[in-house]
Amino acid sequence: MEWSHFIYFSLPAVACWSIGAAMAYRPNKSGLVLLWTILGLAIFMAFIVGMWLSLERPPLRTMGETRLWYSFFLPVAGIITYIRWRYKWILSFSTVLSFVFICINIFKPEIHNKTLMPALQSPWFAPHVIVYMFAYAMLGAAAVVAIYLLVRSRKTAIDPNVMSLCDNLVYVGTAFLTIGMLFGALWAKEAWGHYWGWDPKETWAAATWLGNLLYIHFRLHRHTRYKAALGLLVFAFLLLQVCWFGVNYLPSAQGNSVHVYNME
Amino acid sequence: MWKQPWGYTEGWAISIGLFITGVVLQLTTGKVDATLFQYPLNALTGGVYLFFLIMVYVVSRKAVALQWFYSLTASITSLTAWMVLVIIMGLTRQMAPSATVTHGGLLSGLGFMQMTVSWPFMLLFFYFLSVLGLVTIRKISRFCWKDTPFILNHAGLFITLLAAILGNGDLQRLRMTASLDGPEWRATDETGEMVELPLAIELKSFTIDEYPPKLLAIDNTTGKALPENNPENVLVENAPFSGCLLDWDIEVSHSLPLAACVRSIDTLNFVAFHSEGATTALMVKARNRVDGTEKSGWVSCGSFMFPYVSLPLSDSVSLVMPEREPKRFASEVTVYTKSGERADALIEVNKPLSMEGWKIYQLSYDETKGKWSRTSIFELVRDPWLPVVYIGILMMLLGSVCLFVLAPGNKQGKTAANDTKTV
């Protein structure tokens with residue numbers, strides 16, 4: 001399996017997700033919605049497994065590889081949300097978002113090879129990154145909902161139900177963010193000698209985490225101040241962007257981060 | 001302002017006040033010097049601090065003003081204040097806490113270039129921690145089972161942060177260079193000071209396993225890999241091998257993982273050489289798909305004994321082999337302790353050895369000699385507070401699982417589910 005095969009897996013997967021998303025608008029089709037979405041996920045996962053086998057290491061090292069997992073987890077987040085709370089539009093939304101990241105990987109693939117430096121060869125590597133990618137998918141979904149609500153809020157009032165969707169996505173996202181961060185700490189103790197080193201990526205991960213805690217606490221305190229809360233949510237997502245790929249470009253992080261691997 | 005009940009204004013005022021106090025302290029006394037903050041002083045301080053927080057909580061039941069410190073407004077403002085400093089830290093290039101910073105003007109004057117040991121950061125961190133502590137104490141004092149996730153998350157974070165900051169003074173990180181020549185018991189700390197250890201390490205062997213060699217094309221004038229923004233390479237796993245790179249078809253007929261360079265005035269050859277200093281060499285034939293030109297010759301990454309050899313493909317492009325990437329570093333060692341214990345072990349990256357409260361990590365080796373290094377550099381870490389930190393981390397992990405499983409099932413979630421039919 002190589003990156004050139006990606007398009008043959010990703011496009012059918014997107015097609016399945018789109019059919020599932022369309023079914024969600026029809027009454028009493030939730031079984032089919034689930035079936036099509038899972039079929040798409042299975043096709044996409046087949047590619048990830050293929051890459052994993054042919055690379056002889058988990059495909060989690062480069063930005064392109066993390067985008068791969070992100071594209072996978074967006075529909076997962078979508079279908080979980082759909083099953084739990086029955087928002088009809090959530091699957092269309094997660095499909096479009098996932099498609100954007102698939103397009104980036106199709107049009108701007110990055111170099112990929114088998115090498116994986118010894119520090120990354122750890123049982124913690126896969127759970128650390130996969131849990132983080134799931135958290136990013138949840139928080140990404142929450143942020144796009146927030147931007148949508150903020151833009152529409154000039155014309156129509158914000159629906160409290162959609163606000164509680166944001167809360168739910170942020171709770172789940174933050175839970176996974178915490179787990180990803182703590183897995184990272186446990187791994188760091190085994191690999192680098194200390195559980196926290198204020199490496200630039202860690203600093204931004206802490207800021208992102210605090211940003212999401214801020215949203216959660218603000219919502220508990222000022223439950224009806226929707227716009228301020230949504231603003232905080234978007235702000236926390238901006239911090240996440242810096243943490244995810246911004247640190248690769250930040251002058252303050254150059255040359256002193258253990259998290260920059262793909263700069264060859 | 002300052003009239004009961006307090007709100008956000010007072011919260012921001014306290015945060016800004018602490019920040020200004022921190023700046024004044026920073027400008028007058030310099031960074032926080034915590035080198036003497038070691039056991040038993042740190043444990044004692046921790047005890048006093050906890051007692052102080054509990055007393056504040058006890059008193060607050062009568063003194064209404066103190067109740068604000070475990071309110072949501074206090075949580076939100078203290079969290080924001082500390083987060084702002086964390087963001088500034090992320091935007092500012094950080095120097096090691098032990099370094100002396102002489103450049104940076106205002107940024108270093110305010111302590112922002114060594115944020116973790118600056119007064120503003122310390123004060124706002126302790127303010128945040130104290131609010132977190134009070135919130136936790138309050139919940140625990142009125143315990144009921146449904147608060148378990150809350151307590152796991154808040155107490156977990158409080159324990160982790162408190163143990164991390166108090167334990168910092170007892171954390172020892174030393175560096176030891178062990179050689180094949182005999183046991184070593186001396187190590188150096190961060191400042192280069194020699195420390196004698198209660199254990200000795202003898203290096204039996206040091207090995208580096210490498211990934212297969214790579215070939216890539218570089219620009220002869222700039223030396224940069226091509227194509228410039230997205231360099232390509234081929235991984236030659238075994239010979240014979242064929243592949244392509246840019247416009248060239250690459251064929252590798254011989255591969256010598258351990259080779260010596262034999263050079264005369266006009267010839268260059270590689271032969272198998274299984275001894276110290278050996279390099280890797282590939283016999284490559286390259287054919288241009290556009291104009292049909294053919295080039296062939298040896299390509300080698302070189303070593304401390306042999307030169308590196310490239311194959312010029314054209315006036316502007318050469319085929320080179322970058323240094324082989326390490327797959328695994330491993331040191332076979334025997335560790336002796338003062339109590340007479342003796343242990344044979346293999347230390348690898350990600351697989352440290354634990355011995356008498358020390359963790360021994362593979363850190364580095366003699367990089368000038370690469371895989372033929374006769375020394376191995378270890379990092380020795382002792383962190384007696386680690387078990388406490390791990391208790392906190394475990395509580396937070398459990399708390400996060402609760403957050404995931406329980407939180408979305410709250411009342412709002414259910415109403416949302418019921419209401420979607422009408423949406």
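Let's start where two chains meet: H7(A) packs against helix H4 (residues 72-91) of chain B at an angle of about 160°, with the axes 9 Å apart. Here axes are lines fitted to C-alpha atoms, for helices over the stretch in contact, and angles run from 0 to 180 degrees between N-to-C directions. H7(A) is therefore roughly antiparallel to H4(B), a label for angles over 145 degrees. By class, 16 nonpolar, eight polar and no charged residues make up the contact of H7(A) with H4(B). Ala, Val, Leu, Ile, Met, Phe, Trp, Tyr, Cys and Pro count as nonpolar, Asp, Glu, Lys and Arg as charged, and the others, Gly among them, as polar.

Please keep in mind that this is a predicted model, in which local features need pLDDT of at least 70 and side-chain atom pairs count only at pLDDT 80 or more, while totals for chains, interfaces and linings use all residues. Residues are numbered from 1 along each chain as its sequence is written, and chains are lettered from A and ligands numbered from 1 in the order in which they are written.

Now for the wider contact, which takes 48 residues from chain A and 52 residues from chain B. On the side of chain A that touches chain B, H6(A) gives the most, with 16 residues.

Finally, visit B:Ile159 in helix H7 (residues 148-167) of chain B. B:Ile159 counts as buried because it has 21 C-beta neighbours inside 10 Å, the cut-off being 20 or more, with C-beta atoms placed from the backbone. Beyond its neighbours within four places in sequence, B:Ile159 is in contact (C-beta atoms within 7 Å) with B:Val388, B:Ile391, B:Gly392 and B:Met395.

Definitions and conventions: Helix = DSSP H or I, 4+ residues; strand = E, 2+ residues; numbered from the N terminus. Buried ≥ 20, exposed ≤ 12 C-beta atoms within 10 Å, placed from the backbone. Contact = placed C-beta atoms within 7 Å. Parallel < 35°, antiparallel > 145°, perpendicular 65-115°, else oblique.
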